[in-house]
Each structure stands twice: as C-alpha cells, then as structure tokens.
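Dear colleague,

I am passing on the model we spoke about, so that you can have it open while you read. My notes on it come directly below.

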Amino acid sequence: MWLSQRRQTELEEAAAELGQVTVPGAPAGVALAGERRDVALCLPGGYHWTPKRGDTVLVVKGGAEGAPCIVGTPAGQKVPAGEVFLSVKNGVGIRLTADGRICLMGPVEITGSLSVNGKEVEV
C-alpha cells in the first residue's frame, strides 16, 4: 500500500513549469521533466509567435488529461508600467508608450498605403 501511494506521488507533474524548446515550431517539443512532443501554442488572439530551439518557455497543463500548452516566455526586458514592447532582437521593436506614442525601432518597411493625419503620403 505504501509503495503504490509513493509511486503515484512521484508521477504527478506541476500544473505549470518552465522548459526548454527542443523542437521549434508549432506544435513544438519541450524538455520538462522529460521531453514532450506536439506541444500546442496557446497565444492571445491576433498574436503570432513561434518559439525557436533553446527558448525558455512557460508550459501550462490543463484539461482533463493535463495536455501541455506553451503560453509564453519569461520577460527579457523591463518595460515601464502601462507600456507594451514587442521585439524579436535587440534594437528592433515597437513600443506603445503610456503617453500614447508609438515608437518604431529598426528598419521600417511599408506594404500598402501610408496616411499621415488623414492625408496619403506617396512612397
């Protein structure tokens, strides 16, 4: 009886934990207590991101069978309260500031039309 209870406790996994991406893409492979394959990405609507090999990601296990799902990665850069910063590498990004400004960093490429204060700009 004691051995069976002990074995059951050892097999329980945490509901959420950090892991390393072993197979990039969506679905991905993640090393947790052991490697998990075909791990889904669960992201906010309209947000698109694919983890690369070696990324540290947060994996949450939910549902009846505890299916794992990657929900993000630990914050790498401090952002002032009330601001949003999207970036893929140092020196390139979009910052939405608390005072209403939009700051673009890095080369900017526009596909389509560009309007400034309601007037179209020829590019």
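What follows covers some of the strands, the disulfide and the largest pocket.

Please bear in mind that this is a predicted model, in which local features need pLDDT of at least 70 and side-chain atom pairs count only at pLDDT 80 or more, while totals for chains, interfaces and linings use all residues. Residues are numbered from 1 along each chain as its sequence is written, and side-chain values use heavy atoms, with hydrogens and water left out.

I begin with strand E7, residues 92-96 (strands are DSSP runs of at least two residues, numbered from the N terminus). Its side chains alternate, with Gly93 and Arg95 pointing to one face and buried (under 20% relative accessible area, with a 1.4 Å probe and protein chains only; exposed is over 50%, and partly exposed lies in between), whereas Val92, Ile94 and Leu96 point to the other face and are not buried.

Strand E7 runs antiparallel to E6 (residues 84-89), to which 5 bridges join it (two strands pair if DSSP finds at least two bridges between them), and in this pairing Lys89 stands opposite Val92. The hairpin of E6 and E7 has 2 residues between the strands, and Gly91 takes a positive phi near 85° there. On E8 (residues 102-105), which is also antiparallel to E7 and joined to it by 4 bridges, Leu104 stands opposite Ile94; the hairpin of E7 and E8 has 5 residues between the strands, with Gly100 at a positive phi near 95°.

The model has 1 disulfide (a pair of cysteine sulfur atoms within 2.5 Å), formed by Cys42 and Cys69 with their sulfur atoms 1.6 Å apart. The pair links distant parts of the chain, 27 residues apart, with Cys42 in the loop between E3 and E4 and Cys69 in strand E5. The torsion about the S-S bond is about 135°, so the disulfide is right-handed. Cys42 is partly exposed at 39% relative accessibility, whereas Cys69 is buried at 8%.

Finally, the largest pocket (on a 1 Å grid over the protein atoms alone, an open set of points with protein on both sides within 12 Å along at least five of seven lines, lining residues having an atom within 4 Å of a point) holds about 1000 Å³ of space. Its lining has 31 residues, and Tyr47, Phe85, Leu86, Ser87 and Val88 lie nearest its centre. The largest share of that lining, 5 residues, comes from E6.

Best regards

Definitions and conventions:
On a 1 Å grid over the protein atoms alone, a cavity is a set of points where a 1.4 Å probe fits but cannot get out, and a pocket is an open set with protein on both sides within 12 Å along at least five of seven lines; lining residues have an atom within 4 Å of a point. Grid points are joined across faces, edges and corners, and a volume is the space filled by probe spheres set on the points.
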